[in-house]
2 protein chains.
Amino acid sequence: MSDLSTPKRGRPGYDRAAILEIAVLAFNEHGYDATSMGVLASRLNLSKAAIYHHFSSKEELLQFALNHALGGLEELLLEPAATTGPAIDRLSHVLRGAVLMLADRLPYVTLLLRVRGNSPTERDALTRRKSFDRSVALLVSAARDAGSLRADIDPATVTRLLFGMVNSLTEWYQPTGPADAAHLADDVLALALNGLRTPSTSRE
Amino acid sequence: MSDLSTPKRGRPGYDRAAILEIAVLAFNEHGYDATSMGVLASRLNLSKAAIYHHFSSKEELLQFALNHALGGLEELLLEPAATTGPAIDRLSHVLRGAVLMLADRLPYVTLLLRVRGNSPTERDALTRRKSFDRSVALLVSAARDAGSLRADIDPATVTRLLFGMVNSLTEWYQPTGPADAAHLADDVLALALNGLRTPSTSRE
DNA sequence: ATACTAACTGAACGATCGGTTAGTAAAGCA
DNA sequence: TGCTTTACTAACCGATCGTTCAGTTAGTAT
């Protein structure tokens, strides 16, 4: 994550990333508001005041965490496979990438998906998230217009149901390995594109 | 809801259901923990203390709300169409019924789906919810064993993704009418069973 | 009128919240 | 050995939390 070579000065201890990791886990367990700086400190085996040496406020912890989740999703949309080629392929790439990103940054995305816009920080995050959703909705519409997707369901509804499925990972997925996430992404794509019904055509 | 004939005694005012309705909306907007009895009171144009005339605690408000959501889902599993006939038909009925129940009791189910188990009340609700999920998972397995559903994806994963899709309604669905919910249920079933891809066979 | 019942208010309570301050502990560097 | 840098602690602050309590208001019943 950070540089491993440079020797550190001063008393060793936590860095921001390590504190953030534990804080995000606590936020997800009890909810952001219900997680007091006191119990957060005891999880870190620190005093409350020590946290304020690394972060200026509780809300800044949330800010850094949400940015880590949103940054990953936003970078996904910029990848070449997401910007060139047939719309259906771009959509598949983004869908698969979203599953992998969720699996990789699970606690951070989990926190993001629970934000309700109760502060400027949360509202900013919601805005960025809606912007991401809108980009995916455009992909769905493009794929539909190209004849790759069924036209009898409203694209906005499709996008929401699709992301409902993907985002639900944060409610139950427990990472066991990187191959696990790739296989899960396969399942999501298969279910989303081909449906649950027994396929009438043969599969390779 | 309650009897309309019996004349009430004493000073008129809120009853439990009316308070609960507003409380649940507030809980969903800011989160249960972040919603203070003070702001709740001001939404009701009441004093904080007045709420305690109707409910013994903040947690009891949550308890009644969660029970209303869970009761609806549990009754769904007891309906004849959910207990008799081919597994695929029973699964379809439950899936459709869940969408309609979500639409009908949207704020209550929304609150239920955000519970994290941070108190005995919340843990009880999570237990009942898991029991419901388990019943649906059994339906999925039965339908798969009967050859109605594809066998190349693990039933547990299918169930979770399926309910991820359905439960995501609480994040975006805005009720406009009862026919609206029925149409939405159609879309969910179509997407879940047949997938997003352009159907190769003709549709009636 | 009087009694009764239910709905409600204002003020206060202990507890806990996020955050601050002043000082200390532990490391590398000179 | 100091000196600097970084990490931390104990004690505390004002604000807000859920809850309680003693009394008041607004209706119905007799």
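# Close-up legends: DNA strands and chain pairing

**A polar side-chain atom of B:His53 sits 2.6 Å from a phosphate oxygen of DNA strand C.** This is a predicted model: local features need pLDDT of at least 70, side-chain atom pairs count only at pLDDT 80 or more, and totals for chains, interfaces and linings use all residues. Residues are numbered from 1 along each chain as its sequence is written, chains are lettered from A and ligands numbered from 1 in the order written, and side-chain values use heavy atoms, with hydrogens and water left out. The backbone joins in too: an N or O atom of the B:Ser47 main chain lies 2.5 Å from a strand C phosphate oxygen. From chain A, a side-chain N or O atom of A:Tyr52 is 2.7 Å from a phosphate oxygen of DNA strand C. For these pairs, a polar contact is two N or O atoms within 3.5 Å; within protein, one must be able to donate a hydrogen and the other to accept it, and residues adjacent in sequence count only if both atoms are side-chain atoms.

**DNA strand C is surrounded by 26 residues, with A:Met37, A:Lys48, B:Arg11, B:Ser47 and B:His53 the closest.** Of the strand C atoms that come within 4 Å of the protein, 63% belong to sugar and phosphate. A residue makes the list if one of its heavy atoms lies within 4 Å of the strand. Helix 3 of chain B gives the most here, five residues. Helices are DSSP runs of H or I with at least four residues, numbered from the N terminus. By class, the surface near DNA strand C splits into nine nonpolar, nine polar and eight charged residues. Nonpolar covers Ala, Val, Leu, Ile, Met, Phe, Trp, Tyr, Cys and Pro, charged covers Asp, Glu, Lys and Arg, and the others, Gly among them, are polar.

**Around DNA strand D there are 26 residues, the closest being A:Arg11, A:Ser47, A:His54, B:Met37 and B:Tyr52.** Sugar and phosphate make up 67% of the strand D atoms within 4 Å of the protein. A polar backbone atom of A:Ser47 is 2.6 Å from a phosphate oxygen of DNA strand D, while a polar side-chain atom of B:Lys58 comes to 2.7 Å from one. Helix 3 (48-54) of chain A and helix 3 (48-54) of chain B each put at least two residues into this surface, and the largest share, four residues, is from helix 3 of chain A.

**Chain A lands on chain B with an RMSD of 0.1 Å after a turn of 180° and a shift of 0.0 Å along the axis.** That's the relation of a two-fold axis. In chain A, the C-alpha nearest the axis belongs to A:Gly195, 1.7 Å away. The fit is least squares on C-alpha atoms of residues with pLDDT of at least 70 in both copies.

**Chain A and chain B bury about 4000 Å² between them, 57% of it on carbon and sulfur atoms.** On the chain A side, A:Arg150, A:Leu161 and A:Leu196 lose the most area to chain B, together 21% of what that side buries. Buried area is the accessible area (1.4 Å probe) that two parts lose on being put together, summed over both. Each chain brings 39 residues to the contact (heavy atoms within 4.5 Å). One salt bridge joins the side chains of A:Arg116 and B:Glu171 at 3.2 Å, N to O; the rule wants a Lys or Arg side-chain nitrogen within 4 Å of an Asp or Glu carboxyl oxygen.
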